[in-house]
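Colleague: Please take a close look at the largest pocket of this model. I would like to know what lines it, and how the surrounding sheets and helices are put together.

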Amino acid sequence: MSNMEGKKVPQVTFRTRQGDQWVDVTSSELFDNKTVIVFSLPGAFTPTCSSSHLPRYNELAPVFKKYGVDDILVVSVNDTFVMNAWKEDEKADNITFVPDGNGEFTEGMGMLVGKEDLGFGKRSWRYSMLVKNGVVEKMFVEPNEPGDPFKVSDADTMLKYLAPQHQVQESIAIFTKPGCPYCAKAKQMLHDKGLSFEEIVLGHDATIVSVRAVSGRATVPQVFIGGKHIGGSDDLEAYFAK
C-alpha cells in the first residue's frame, strides 16, 4: 500500500449503469473543483462494510456538507450492478457509489491487494481520503495486519481531521405511528433543537412488540437518546427543560 498525499487521484473512466443506460463517469467529473471524501473497502455487502463503514458515512453526510464537503464516494472493486444493488439495500442516499470493476482506480492509488484466500481475487485495501480539486490532502490507510482491520478509515476519524472542534451529536431514535399528534410534537421539539434522528414508524419499520421490548411501554412516541430511554413527548419536554 502507498500514501498518495499531495498527489492527484488516478484518471480513469468508471462504467456505471444508471436506469437502463450505460453511463461513463470520469475521475475529472467526480473530483475537479470539488472537496470530496472517498472511502474504499474490500467489497459490497461484506460485514464490516455494510454494518459500520458505509452507514456511518451516510449518517454523517449532512455534517460533512456543513464543513464544505461536496460529495462522499464509496469505491469498491465491484461491478456497477452489485454497487447499485448495495446502495438500494443500504438506503444510503447520501453516498455516491463508484464501481471500480477493473480495479484501475484502486491500482492507481496503490491499494489493490490480493484477497484470494477469501475467494475475492484482487480487491481494495480499506482506506479513506480527503480530496480537494483532484489532489489528495489526507489519507487514512488501515494498518497492514492480517484480516480486514477497521481502525482509522471510519467516518468519525475523518470528521475529527476535517473539523476537530465539532461535537458529535448523540444518536437519537423515535418510535412513532401515522396520525399521532404526540409523535408530531416530539419530532417538532427535536427539529427545534436542530437534532437529527431516526424515525421508526409502527406498521412500516416495526410493531408495538418492538416498542414494548425496548421501552416496556405500549404507547408512542418513545424517544431514545444516546442509548437512554427518554419516554414520550412530555418526558422529552422535561428532558430538554433540565
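**The largest pocket and its surroundings**

Modeller: The lining of the largest pocket draws at least three residues from each of domain 1 (7–162) and domain 2 (172–241), with bounds that come from an automatic or database domain assignment. This is a predicted model, in which local features need pLDDT of at least 70 and side-chain atom pairs count only at pLDDT 80 or more, while totals for chains, interfaces and linings use all residues. Residues are numbered from 1 along each chain as its sequence is written, and side-chain values use heavy atoms, with hydrogens and water left out.

The C-alpha centres of domain 1 and domain 2 lie 34 Å apart. The largest pocket (on a 1 Å grid over the protein atoms alone, an open set of points where a 1.4 Å probe fits, with protein on both sides within 12 Å along at least five of seven lines) has a volume of about 970 Å³, counted as the space filled by probe spheres set on points joined across faces, edges and corners. Its lining consists of 32 residues, each having an atom within 4 Å of a point, and Glu59, Ile172, Ser196, Phe197 and Glu198 lie nearest the centre. By type, the lining holds 13 nonpolar, 10 polar and 9 charged residues, where Ala, Val, Leu, Ile, Met, Phe, Trp, Tyr, Cys and Pro count as nonpolar, Asp, Glu, Lys and Arg as charged, and the others, Gly among them, as polar.

Four elements each supply at least two residues of this lining, namely helix H2 (47–66) and the strands E10 (172–176), E11 (198–201) and E12 (222–225); helices (H or I, at least four residues) and strands (E, at least two) are DSSP runs numbered from the N terminus. H2 gives the most, with 9 residues.

The three strands of the lining belong to an open sheet of 4 strands in the order E11-E10-E12-E13, with mixed pairing, two strands being paired if DSSP finds at least two bridges between them. E11 and strand E13 (228–231) are the edge strands, each pairing on one side only, and neighbouring strands are turned by 20° against each other on average, direction ignored. Within this sheet E10 and E12 pair in the antiparallel sense over 4 bridges, and Ile172, one of the residues nearest the pocket centre, has Ile225 of E12 as its bridge partner. Helix H6 (181–192) lies across E10 and E11 and runs at about 160° to E10, whereas helix H7 (208–215) touches E10, E12 and E13, its direction making about 50° with that of E12. Contact here means heavy atoms within 4.5 Å, and angles run from 0 to 180 degrees between the N-to-C directions of axes fitted to C-alpha atoms, for helices over the stretch in contact.

H2, for its part, lies across E3, E4, E5 and strand E8 (127–132), running at about 170° to E3. H3 also packs on that sheet, touching E3, E4 and E5, with a direction at about 160° to that of E5. The sheet is open and mixed, with 5 strands in the order E5-E4-E3-E8-E9, and its edges are E5 and strand E9 (135–141). Strand E3 (35–41) pairs with strand E4 (71–76) in the parallel sense over 6 bridges, and Ser40 has Val75 as its bridge partner in E4.
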